[in-house]
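User: I'm new to this structure and would love a close look at one part of it. Could you walk me through how the helices and the sheet fit together?

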Amino acid sequence: MSILLEADGLEHSFDYLLFKDINLQIKSQESVSIVGVSGSGKSTLLHILSTLLKPNRGCVKLLQNDIYKLKDDELIAMRRYDVGIIFQSHYLFKGFNATENLQIASLLTRQEIDYKLLQSFKIDHLLKSSAGRLSGGEQQRLSIARVLTKKPKIIFADEPTGNLDKETASCVMGSLFEYIQKHNAILILVTHDHSLAARCHKCYELKEQNLILS
Ligand SMILES: Nc1ncnc2c1ncn2[C@@H]1O[C@H](COP(=O)(O)OP(=O)(O)O)[C@@H](O)[C@H]1O
Ligand SMILES: [Mg+2]
């Protein structure tokens, strides 16, 4: 199995030191969860791993490429085709309907919209609705479906089920776990939900500036 994500010696501070000497290796089909108290730096770590923020120290390799050595267009291509980011605020195009939101991802990456996935997310009946009119939970599921439409190899999810009831959250996470098995992808999940975290292959806690395997 190939290593899709590797982090070596990551360190970052804003007003104070958030973490230092963070090392991580994730192989295809693996899922990893990160828990930790609010303010411990989980989102910052996810931003670093997902190419959005450069750390004070350390190196990140995605698909065996050192992301700080890629040319701009190579990094942009990697973000477009290989990396899927599910954040707390979902950045849907609110003026467009649900289908159009999915088509954007589909056009950018030349991948088909997966209608079975939409059925399993129970949003297949909402495709003509304006994204801005959907409930918080429906928007969240639509934004996850949009990310999966790209068929990314590396998925970052920051509290992806925060707006969902337990049953729906469990179903959506089930689809994410299924996806990474089927597509030889990986999932890095930040969550406050310990039972959800425990469903991942490896569970880490960000604590006292370190990533501790639990
Ligand atoms: N862009 C930024 N500029 C300055 N401080 C930041 C920035 N992003 C996060 N922080 C600070 O870093 C700390 C960790 O934030 P964050 O990574 O969001 O933690 P978590 O996701 O674990 O709650 C917080 O104190 C936050 O205010
Ligand atoms: Mg956070």
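Analyst: Happy to! One idea helps before we start: an axis here is a line fitted to C-alpha atoms, for helices over the stretch in contact, and angles run from 0 to 180 degrees between N-to-C directions. Please keep in mind that this is a predicted model.

With that in hand, look at helix α3 (residues 98-109), which packs with α5 at an angle of about 25°, their axes lying 8 Å apart. Angles under 35 degrees count as roughly parallel, so α3 is roughly parallel to α5. Their crossing is right-handed. On the α3 side, the contact is made by Ala98, Asn101, Leu102, Ala105 and Ser106, which meet Leu142, Ala145, Arg146 and Thr149 of α5. Sorted by class, this contact has 5 nonpolar, 3 polar and 1 charged residues.

Now for the sheet. It is open, with 6 strands in the order β6-β7-β8-β3-β9-β10 and mixed pairing. The edges are β6 (83-86) and β10 (210-213); each has a single partner strand, so one side of each is left without a neighbour in the sheet. From one strand to the next, the twist averages 20°. Further in, β7 (residues 154-158) and β8 (residues 186-190) run parallel and are joined by 5 bridges. There, aspartate 158 has valine 190 in β8 as its bridge partner.

Helix α5 (residues 136-149) brings the two halves of this tour together: α5 packs on the sheet, touching β6 and β7, and its direction makes about 175° with that of β6.

Definitions and conventions: Residues numbered from 1 in each chain as written. Chains lettered and ligands numbered in written order. Predicted model: local features only at pLDDT ≥ 70, side-chain atom pairs only at ≥ 80, totals over all residues. Pairing = 2+ DSSP bridges. Helix = DSSP H or I, 4+ residues; strand = E, 2+ residues; numbered from the N terminus. Contact = placed C-beta atoms within 7 Å. Parallel < 35°, antiparallel > 145°, perpendicular 65-115°, else oblique. Left-handed = near helix turned anticlockwise from the far one by under 90°. Nonpolar A, V, L, I, M, F, W, Y, C, P; charged D, E, K, R; others polar.
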